[in-house]
Each structure stands twice: as C-alpha cells, then as structure tokens.
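Please open the structure in a viewer and keep the selection tool at hand. The tour below proceeds by selections, each followed by a description of what is found there.

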Amino acid sequence: MTEKRVKKLLVTGAAGGIGRTIRTMLEPVAETLRLSDRAGLGEAAAHEEIIYCELTDKDAVEALVAGCDGIVHLGGQSVEADWQTVRDSNIEGLYNLYEAARIHQVKRILFASSNHVIGYYPQSQLLDAQTPPRPDGLYGVSKAFGEALASLYHDKFGIETAIVRIGSCFPEPVDHRMLATWLHAEDFVSLIECMFEASRLGCPIIYGVSDNDVVWWDNRQVAYLGWKPKHSSAIFKQILDEKMERPHKDAAVSVYQGGVFTEHPIMQRDEK
Ligand SMILES: NC(=O)c1ccc[n+]([C@@H]2O[C@H](COP(=O)([O-])OP(=O)(O)OC[C@H]3O[C@@H](n4cnc5c(N)ncnc54)[C@H](O)[C@@H]3O)[C@@H](O)[C@H]2O)c1
C-alpha cells in the first residue's frame, strides 16, 4: 500500500495470539495503531498507542473508539466457555464496540468471527458466504450474534464490516483438520489491507483461510475484494502424517468442520 488509508486503526484483543503475531505486520496499514486489551501489551512503538480497556465497560469502550477511523476487532472470548464468560466479552463487549463505532462514526470494521459459527456442517459440504450459521457451541453462537449485529449496523447505519470466519490462525497446523482450516498470519494481514483498501466493502462473510489444498470454504463471492492468500498448509501434510495418526473417519474431528468443539458440553461456570 502506498498511501495509508487508515489514519488511526484500533486493534482490540491485541495481546492475544493473533494480535501479538500481526502487531508488527500492521504498520503499513495505518498511520497510528491504537492497541487495546485487558492483558499486557508491553511498550508502545513510535507509531503505536496503548490503551487498556475492558470490553464490558461501555464508557471505556466509547472512549477507546473515539478518534479512530478503522477497527480490527480481535478482542473477546476465543474458545468455548461457560455462558457468562462468553456473554460478557462476545455479546456485551461487541455491542459496546458497535455502539461506540456508531457514536464516533467509524465506518469500517473487521469482526473476527469463527469457523465455529458453522461448526456443525459436515466437512464434506462446501460452504460459501450465503451459508447460514450452524454453531457448535455457545462460543459459536456468540459469533453468530456478532455476524447479525454487524449486519444490523450495516443496514441501519452504513457501517461496513468484514465478517471473517477465521479458520485456524496459528504458526502451523497442529492436526490434520487444520490442513483445511489453516490461515497464515501474513494472509490475514493481506486481507486486512484489502478490506481497508476496497472502495466498497459492504458487510460480506469471508472465510479466513489460506490457499490450502483441502478446501471446505468458497470465497468466490468476495472476489471483488481482490484478496489472494499466498500460503498453503500443504507443506505441513507430510510432517503431520509422520507425527500423528489420522483420526478415525467417524471421529468428530473427521466429520464436522468444527471438529472437537462439537463434543464440548454446555460448560458451567465452576467447570472451567
Ligand atoms: N486463533 C484462531 O485461529 C481463531 C479462529 C477463529 C476465530 N478467532 C477469533 O479471533 C480473535 C483473536 O483470536 P486469538 O486466537 O488471538 O484469541 P486470544 O484468546 O489469544 O486473544 C483474545 C484477546 O482478547 C482479550 N479479551 C477477551 N475478553 C476481553 C474483554 N472482555 N475485554 C478486553 N479484552 C478481552 C484477551 O485478553 C485476549 O488477549 C478472537 O475473537 C477469536 O474468537 C481466532
């Protein structure tokens, strides 16, 4: 990117796994990065601001968003948990964020949704941007809420959101399922560049996945964004085959797109 389209980009959840990985890679995207989390973020670099914020604190979130013209929303509960935990961060927290975006007229957001929104679809079915949610747990349900909230704020207020159903954004695939779901961090960052560069974004559902050989998700309906992932999980296949046995064909991890998340119980607060 030549000219930076975003002046001040808020990144929530910046202390998390993805946030830490992409932090230094985001410098070309915006003139200033406003990094936020409730966990430690270290020292701010010259182009960074650090603001600690609990997403359930509505006033704090409103202050956090003030002055930003783009948001990458990674903050929240990122795996299955008890209802209160999921609700606080992913329902209340997300509502606070969108309300703050409305009040401060932030027009473009990336919402980190999840493959667990569609976790109960079989791995044999190819999904696309029109595929309705079929969540595999309370976490997946909360992400379905997020997708609906993004849609509401688009239709009612014109706030554009890239709803990214992220697969598995880790340094490398750690099991055979991730050969289909893996997202290289560089591909995620190039998607962030594309969504802020696009003249029109809208409120599309995008599958956050690299150019893997095993394909469950079809991104052709968002081809207008011009996003072309460069990485592939294929180089890890042999390593995984040597390291571990393929799971049984009838195991949840082989049947469902959400894998073992389909096997989680409804967790209670004291069972965490
Ligand atoms: N890593 C993946 O492969 C993957 C896959 C699908 C979706 N996602 C989504 O992407 C986002 C980032 O994922 P990650 O792997 O970096 O998760 P993570 O758990 O490592 O990071 C999430 C961050 O959010 C912060 N957070 C949680 N609740 C908060 C609250 N109430 N107030 C303030 N901060 C809060 C945490 O402190 C943490 O640093 C999450 O929303 C997750 O659901 C990630």
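Begin by selecting Val 253 in this predicted model. Leaving aside neighbours within four places in sequence, Val 253 is in contact with Arg 177, Pro 247, Gly 259 and Val 260. The residue belongs to helix 8, which covers residues 252-255. Val 253 counts as partly exposed because 18 C-beta neighbours lie inside 10 Å, whereas 20 or more would be required for a buried residue. Next, add Gln 123 to the selection: its C-alpha atom and that of Val 253 are separated by 9.3 Å, although the two residues are 130 residues apart along the chain.

Now select Lys 237, which lies in helix 7 (residues 237-243). Lys 237 has 16 other C-beta atoms within 10 Å and is therefore partly exposed. Show Cys 68 as well; the C-alpha atoms of Lys 237 and Cys 68 are separated by 41 Å, and the two residues are 169 residues apart along the chain.

Turn next to the ligand and display the residues around it. How many residues surround the ligand? There are 27, and the closest are Gly 13, Gly 16, Ser 78, Ala 112 and Ile 166. By class, this shell comprises nine nonpolar, 14 polar and four charged residues. Highlight helix 1 (17-22), helix 3 (83-103) and strand 5 (108-114), each of which supplies at least two residues of the shell.

From helix 3, follow the chain into the loop that leads to strand 5, where Gln 105 is found. Gln 105 has a positive phi of about 55° although it is not a glycine. Is this residue buried or exposed? Gln 105 is exposed, since 11 other C-beta atoms lie within 10 Å and the limit for an exposed residue is 12 or fewer.

Select helix 4 next, residues 138-157. At 1.5 Å a residue, its 20 residues should span 28 Å, and the end C-alpha atoms are 28 Å apart, which agrees. The buried residues of this helix are Leu 138, Tyr 139, Gly 140, Ser 142, Lys 143, Gly 146, Glu 147, Ala 150 and Tyr 153. They pack against helix 3, strand 5, strand 6 (160-166) and strand 7 (205-208). Gly 158 follows helix 4 and has a positive phi, near 75°.

Proceed to strands 6 and 7, which run parallel and are joined by four bridges. Within this pair, Ile 163 stands opposite Ile 205 in strand 7. Both faces of strand 7 are covered: Ile 205 and Tyr 207 are buried on one side, and Ile 206 and Gly 208 are buried on the other.

Select strand 1 (residues 6-12), which is mostly covered, with five of its seven residues buried. Strand 1 runs parallel to strand 2 (residues 30-37), and five bridges join them. Val 11 stands opposite Leu 35 in strand 2. Not counting residues up to four places away in sequence, Val 11 touches Gly 19, Leu 26, Leu 33, Leu 35, Ser 36, Val 72 and Leu 74.

Finally, display the largest nonpolar core, which has 58 residues. Those with the most contacts inside it are Leu 9, Val 11, Ala 101, Leu 110 and Val 164. In soluble globular proteins, nonpolar side chains tend to be buried together.

Notes: Residues are numbered from 1 along each chain as its sequence is written. This is a predicted model: local features need pLDDT of at least 70, side-chain atom pairs count only at pLDDT 80 or more; totals for chains, interfaces and linings use all residues. A residue is near a molecule or strand if its C-beta atom, placed from the backbone, lies within 6 Å of it. Ala, Val, Leu, Ile, Met, Phe, Trp, Tyr, Cys and Pro count as nonpolar, Asp, Glu, Lys and Arg as charged, and the others, Gly among them, as polar. The expected span of a helix is 1.5 Å times one less than its number of residues. Two residues are in contact if their C-beta atoms, placed from the backbone, lie within 7 Å. A nonpolar core is a set of buried Ala, Val, Leu, Ile, Met, Phe, Trp, Tyr and Cys residues joined through C-beta atoms within 7 Å. Two strands pair if DSSP finds at least two bridges between them.
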